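Here is a short briefing to read alongside the structure. Have the 3D view open and follow the strands as they come up.

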Amino acid sequence: TPAAPTAAPSPPTVAAAPTWTVGQTNVQAHAEGALAVAALNTPTDAVVDPISGAIFACDKANNRIRHVTTEGRANTFVGDGGSSHLDGIRHAAKVNGPHQITVAPGTGDLYMTEYEGNKVAHVTAGGTVTAIAGDGSTVHNVADGLAAGFGGPIGISLFGTILAVAE
């Protein structure tokens, strides 16, 4: 006798991922706190920290990297809002037009492009900002480290130990 037909398997159940919207974007303001009241001016990129689950976002026109907690609060992680680059810790550091960001999976360290400052910076998980490439000029110059010249770096990706930058 022929085998009884079997029902087609059910498709897997996919849970909806949470969607967070930061209250105000592209406003000429800076505000911290709950997502409904936080304000970012020209947010350009965001990454999820694989260690904590928090989100780090480039707040380009406010010259800050924002930290969005899993509890739904947006705060400044690094940068004081000034329009220049200055190595330093957390709010004593300056970042100039952070445009794109990537996270190192094993450490939670960040690497970002500073479009307005023509630099690439390393940000430790503790918030220490250090320029690692770019002389700050707009003249393209193929060189290593701080001697390199970028004409507006916009993209960054980490491939193992290789950091790739697009301008």
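In this predicted model, one open sheet is built from 5 strands in the order S8-S12-S11-S10-S9, with antiparallel pairing. Its edge strands are S8 (88–89) and S9 (98–103), each of which pairs on one side only. Another open sheet also has 5 strands, in the order S2-S7-S6-S5-S4, and its pairing is antiparallel.

**The sheet from S8 to S9**
- Within this sheet, strand S11 (residues 119–123) and strand S12 (residues 128–133) run antiparallel and are joined by 4 bridges.
- If you would like a pair to look at, Val-123 has Val-129 in S12 as its bridge partner.

**The sheet from S2 to S4**
- The edges here are S2 and strand S4 (43–48); each has a single partner strand, so one side of each is left without a neighbour in the sheet.
- S4 pairs with strand S5 (residues 55–59) in the antiparallel sense, over 5 bridges.
- Across that pairing, Asp-45 stands opposite Cys-58 in S5.

**A loop residue, Val-37**
- Val-37 is found in the loop between strand S2 (33–34) and strand S3 (39–40).
- Why does Val-37 count as partly exposed? Its relative accessibility is 45%, and partly exposed covers the range between the buried cut-off of under 20% and the exposed cut-off of over 50%.
- Val-37 and Ala-74 are 37 residues apart along the chain, and their C-alpha atoms are separated by 9.1 Å.

How values were computed:
Residues numbered from 1 in each chain as written. Predicted model: local features only at pLDDT ≥ 70, side-chain atom pairs only at ≥ 80, totals over all residues. Heavy atoms only, no water. Pairing = 2+ DSSP bridges. Helix = DSSP H or I, 4+ residues; strand = E, 2+ residues; numbered from the N terminus. Buried < 20%, exposed > 50% of the residue type's maximum accessible area, 1.4 Å probe, protein only.
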